[in-house]
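Open the model in a viewer and keep the selection panel at hand. The stops below say what to select next and what is there.

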Amino acid sequence: MKTLLCSATLVLVVSSLSLGRAAPAADAPFVKLRAVPFTAVQITDAFWAPRRETNRIASIPVNLENLEKAGNLENFRLAARRATNGFIGPVFMDSDVYKALEAASYSLATHPDPALDQRLDAIIALLAAAQQPDGYLDTYYIVKEPGRRWTNLRDNHELYCAGHMFEAAAAHFQATGKRNFLNVATKYADYIDSVFGPPPKRMGYPGHPEIELALVKLWRVTGERRYFDLARFFVENRGTKFFAEEHHTPLDRYDGTYWQDDLPICDQRNIKGHAVRATYLLSGVVDVMSETRDPRLIAMVNRVWRNTTEKNMYVTGGIGPSASNEGFTTDYDLPNLTAYQETCASVALSLWNLRLALLYGDARYADIFERSLYNGVLAGVSQDGTRFFYVNPLASTGRHHRSEWFGCACCPPNVARTLASLGGYAYAVADDSLYVNLYIQGAAKTTVAGQPVNLKVATDYPWSGQVTLRPEPAAPAKFDLRLRVPGWCEGAAVSVNGTTVTAPRREHGYFVLSREWRSGDAVELDLPMPVRRVTANPQVKDDRGCVALQRGPIVYCLEACDNPAPLSTLYLPLDADLMAEKQPALLDGVVVVKGRAEVAPEQDWQRKLYQSAPPVRRAPVQAIPYYAWDNRQPGAMQVWLPTAPPTPIVGGLETQAKVQLSFTSGNCQPQAINDGREPTGSRQHPGALCHFWPHKGGAEWAQYTWKRPVTVCGAKVYWFDDTGSGECRLPDSWQVQYLDGSDWKPVAAEGAYPVELDRWCEVKFAPVTTTALRLALHLKPDWSVGIHEWKVVESDDD
Ligand SMILES: [Zn+2]
């Protein structure tokens, strides 16, 4: 969500895993399934039901409390009393209130709660009081910049906030039947519709898409076709470089990629820019094309979907590797340690794929939805429902943890609304078909082939692939029961009333069971769930020679607290046995994966050129579901595991030294300075980086300390520089100092200290014997410094 970013440090995504299924051709027929609404679905399983209860009693109240504390609700009070100062927070503060209201509304539908109902009504009354007479409602402009509405569509999120209001109002109306929120929303939508559109109305579209899909929801709830037409206007005009005009940017200097505004929408060829914006936009595009059937739009969505899922998606179903644009970089760029994978981006990818699943009736899209849901989305919230991830790396050195809240608080309510509305994603119907997309114990009430049907489901999914489904039509009825066979599953089997269906009909990834159903019928679906080793397309550099563990839809990771050997030393040979084990007491009950890994040998090469290879050492390992990490003692985490010993670190004495810095920020990784990773250039972002940002100018130091005296005669430094994206530059000067007793003294250098980009800057000096060395730095005024690597040269003197 953020548009501002810090310097240096953050960077970061999937693999074209065997996702397996190709996209339909542009002329594939639309099936247009109707989702069975969340209000008609019961969830009673051991996996989701407790999480949804935690969402209801912990996350939703925590969201509402934090919106009070952070000032989001206060902004509405200011707007209601027509204040013109005191606005708190970033421009998109309103949107987080709407998402929390949406989550709370879904929750009310499945769990009546008079106190929550009243609380929502009070907030809705506040919204109505803040709304301007003409229908406008954005507290930032009402309070802070009155008279300047619609002057910066690119950056100031008015249409984005409006979209979240419309989604929330639609949910509230569906959940409660009350129109109080819907009236506020339609009044605002009518006003926006009076402003934007073909001449004589004005041009424009949102810098952050969202309103497109929301207007379609509002149309479906109210039947007001103008809302659809406005969504269509926003979609079809995107890419006409309106933001260049709005900001007076010469076209030859305008790069609209970040906002998906570089090419006309139908001409876009790949996923690009800010990940959440891109996928909210594509969700709206699917809504529009499902009505207009514009073949160019359809072809665009299909090819961008391929580009996303075949080249730009993490194994955990998340997207957007890079912190610098909260989005996409180049195909196959899926780093693990620095994976950004914003929680909202996993939600947005789910929403896009859900729409495609309903439009095409094709399981490949529900596969992606499931992958995101059980992994990338679910990781966004802690086990107790009170802490949240914004950034979801696939590896951690132990310093990445969930937070209670964020200045930019888009992610927590996004997870809350997804969990609260989960039932609405599991089932869908066409005229004579009932589709099951997610396997969740409970029941769904719907009408198929003109007959009311109550479908009962019993299963321990995702831990078990055994699913019992009992379709109970009011009277015997002929229809197709279509059961998704997940893309990860091999050897699926199905039986009806105890008789195995031989060679069951399969269409678009579903088993199709066609018969006259009657009460008492029972379908047994068997989806085998062995532990799978997943490999990534070798073009994903960071995953080469590695496997990820997956069982059913769940992607696993190793966490330090389960594994005594440092994770960085472990590797998992391809023939190592792995077994799944249910552990009811662990992390609210999970299936863990256990096996025996091998431990890379640690060898001391001090003053040695050759030595015997060490014996293989094995260590038990235990992997837990990725979504569940960081709920116990803090420590390292890793999804991708090497299958062979890692290449030994090329390094000397520095690898044995303890690192200290004069200053470390939260995202500085001091250990990166002596990790032996050879830089390929100063501009290369290594993932883990040692730097002094945001300190700028003045003096800083880095220090190596050894347990025993060492004799050294040289040092080499490779500087980091992120000109163009951050604030690290070459230092003004540097010097090596050694510890003599309690004094730091400069070494006797043979010549000048070089300061250059893209190479090792080396200095030789008269040998010193010491227990500590310092790199004393002078930073350029207004610039910080980052260090890829610092090596020391051991002297041959005794
Ligand atoms: Zn977010």
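## Charges over rings

Begin by selecting Phe 47 and Arg 51: the charged end of Arg 51 sits over the ring of Phe 47, 4.2 Å from its centre. The model is a predicted one. For a second case, go to Trp 783, where Arg 729 lies over the face of the ring at 3.8 Å from the ring centre.

## Aromatic pairs

The structure holds 41 aromatic pairs. Select Phe 38 and Tyr 106 as one example; their arrangement is edge-to-face, with 4.7 Å centre to centre and 85 degrees between the planes. This pair links distant parts of the chain, since Phe 38 is in the loop between β1 (34–35) and β2 while Tyr 106 belongs to helix α3 (residues 93–110), 68 residues apart. Phe 38 and Tyr 106 are both buried.

Next, show the side chains of Tyr 136, Trp 150, Phe 166, Tyr 188, Tyr 191, Phe 196, Phe 233 and Phe 234, which ring pairs link into a cluster.

## Two cis peptide bonds

Move to Pro 199 and Pro 200. The peptide bond from Pro 199 to Pro 200 is cis, and its omega is near 10 degrees. Pro 200 has its place in the loop between α7 (180–195) and α8 (211–222).

Then select Tyr 461 and Pro 462, where the connecting peptide bond is again cis, with omega near 5 degrees. Pro 462 is found in the loop between β7 (451–459) and β8.

## Two positive phi values

Select Lys 241, a residue other than glycine with a positive phi, near 60 degrees. Lys 241 is found in the loop between α9 (225–237) and α10 (242–246). Its relative accessible area is 29%, so Lys 241 is partly exposed.

Gln 260 also has a positive phi in a residue other than glycine, near 55 degrees. Look for Gln 260 in the loop between α10 and α11 (275–292). Is Gln 260 buried or exposed? With 2% relative accessibility, Gln 260 counts as buried.

## The largest cavity

Keep Gln 260 selected, as Gln 260 is one of the residues that line the largest cavity. Add the others: Ile 265, Gln 268, Asn 270, Ile 271, Lys 272, Ala 278, Leu 281, Leu 282, Met 300 and Val 304. The volume of the largest cavity is about 70 Å³. Which elements give two or more residues to the lining of the largest cavity? They are α11 and α12 (295–311). The largest share of the lining, 3 residues, comes from α11. Coloured by residue class, the lining of the largest cavity divides into 7 nonpolar, 3 polar and 1 charged.

## A sheet of 7 strands

Switch to a cartoon view and follow the order β2-β6-β7-β8-β14-β10-β11, which is an open sheet of 7 strands with antiparallel pairing. At its edges stand β2 (41–43) and β11 (499–500); each has a single partner strand, so one side of each is left without a neighbour in the sheet.

Within this sheet, select β8 (residues 466–473) and β14 (residues 523–526), which run antiparallel and are joined by 4 bridges. To find one of the contacts, select Val 467, whose bridge partner in β14 is Leu 525.

## A sheet of 6 strands

Now trace β1-β4-β5-β9-β13-β12, the order of an open sheet of 6 strands with mixed pairing. Here β1 and β12 (506–507) stand at the edges with a single partner strand each, so one side of each is left without a neighbour in the sheet. Strand β12 runs antiparallel to β13 (residues 510–517), and 2 bridges join them. Select Glu 507 to see its bridge partner in β13, Tyr 510.

## Strand β30 and its partners

Finish with residues 786–794, strand β30. Of its 9 residues 7 are buried, so strand β30 is largely enclosed by the rest of the structure. To apply that label in the viewer, use the cut-off for buried, under 20% relative accessible area.

Strand β25 (residues 690–691) runs antiparallel to β30 and is joined to it by 2 bridges. Select Cys 690, which stands opposite Ile 787 in β30. Strand β26 (residues 698–720) also pairs with β30 in the antiparallel sense, over 8 bridges. The last selection is Val 717, whose bridge partner in β30 is Trp 790.

How values were computed:
Residues numbered from 1 in each chain as written. Predicted model: local features only at pLDDT ≥ 70, side-chain atom pairs only at ≥ 80, totals over all residues. Heavy atoms only, no water. Buried < 20%, exposed > 50% of the residue type's maximum accessible area, 1.4 Å probe, protein only. Pairing = 2+ DSSP bridges. Phe/Tyr/Trp six-rings, centres within 6.5 Å; stacked < 30°, edge-to-face > 60°. Lys NZ or Arg CZ within 6 Å of the ring centre and 35° of its normal. 1 Å grid on protein atoms, 1.4 Å probe; cavity = no way out; pocket = protein on both sides within 12 Å on 5 of 7 lines; lining within 4 Å. Points joined across faces, edges and corners; volume = space filled by probe spheres on them. Nonpolar A, V, L, I, M, F, W, Y, C, P; charged D, E, K, R; others polar.
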